[in-house]
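Trainee: I would like to go through the sites in this model with you, and to ask what stands behind the terms used for them.

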Amino acid sequence: MNHLAIVKIRPIDALIIVDMQNDFMPGGALPVENATTIIPTINRYIKVFEDSNAVIVATRDWHPPNHISFNIRGGPWPPHCIQNTKGAEFHPLLQLPSNTVVVSKAVDEDKEAYSGFDSTELASILSDRGVKRVFICGVATEYCVRATAIDAIRLGFQTYILIDAIKGINRMKSEKTINELLDYGAIMLEVGDLKG
Ligand code: VGL
Ligand code: ZN
């Protein structure tokens, strides 16, 4: 961001695209305002990581119809990202390569899971591939991006937040999240800071 450094992407880096699903886009069941505006930038990141033979992960919220986070069960959210529905599909303009690692989370009807690492194979997939650094983008900044980043840091990955490719639900909470993640040791990057 300060253009003090250019980060060169290597095969042992991973791009983690968080929850870029129809239900989180404008018109969806749980829309994040302006979420589609980050898609062209995410596609630029995808191109850089693909050209560098790096790992590309897409997480998805993948709830059963009676998930504990839904209002009908006393949770905070309207029903969203229900398994095998249109709303749970990735946005059609997202240019995911065919070898993208898709990680489904919050699949247990009695357990909320905001982090892509929570009860998934993500940590072992990354360590199997020798990944040391993760680069996180997607939605929502203060929920699933936040939780995924905190877990990544705790697991020992050098963690970069792609600041021009995240969107939050609440602006103040999102800003607070950025400061919190900086305190935890995350590094903020934008697409111009990367080199393929
Ligand atoms: C998310 C709210 C509910 C997210 C998922 O992807 O940030 N937010 N479920
Ligand atoms: Zn959810």
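Trainee: What makes the arrangement of the donor atoms around the zinc ion (ligand 2) irregular?

Mentor: Bear in mind that this is a predicted model. The four donor atoms around the zinc ion (ligand 2) subtend angles of 85 to 171°, whereas a tetrahedral site needs all angles to lie between 85 and 135 degrees, so the arrangement counts as irregular.

Trainee: How do you know that Asp-61, His-63 and His-80 coordinate the zinc ion (ligand 2)?

Mentor: Donors are N, O and S atoms within 2.8 Å of the metal, and Asp-61 (OD), His-63 (NE2) and His-80 (NE2) coordinate the zinc ion at 2.0 to 2.2 Å. In sequence, these donor residues follow the spacing D-x1-H-x16-H.

Trainee: What makes the approach of ligand 1 to the side chain of Asp-61 a polar contact?

Mentor: The cut-off for a pair of N or O atoms is 3.5 Å, and a nitrogen atom of ligand 1 is 3.0 Å from an N or O atom in the side chain of Asp-61. For the side chain of His-80, the corresponding distance from a nitrogen atom of ligand 1 is 3.1 Å, while an oxygen atom of ligand 1 is 3.0 Å from a polar backbone atom of Cys-144. The protein covers 99% of the 260 Å² of accessible area that ligand 1 has on its own, and ligand 1 sits in the largest cavity.

Notes. Residues numbered from 1 in each chain as written. Chains lettered and ligands numbered in written order. Predicted model: local features only at pLDDT ≥ 70, side-chain atom pairs only at ≥ 80, totals over all residues. Heavy atoms only, no water. Polar contact = N/O pair within 3.5 Å; in protein donor to acceptor, adjacent residues only side chain to side chain. Areas by Shrake-Rupley, 256 points an atom, 1.4 Å probe, with all protein chains shown as cover. 1 Å grid on protein atoms, 1.4 Å probe; cavity = no way out; pocket = protein on both sides within 12 Å on 5 of 7 lines; lining within 4 Å. Sits in = over half its atoms within 2 Å of the grid points. Donors = N, O, S within 2.8 Å, 3.2 Å for Na, K, Ca; no water. Tetrahedral: all angles 85-135°; square planar, octahedral: opposite > 155°, others 65-115°.
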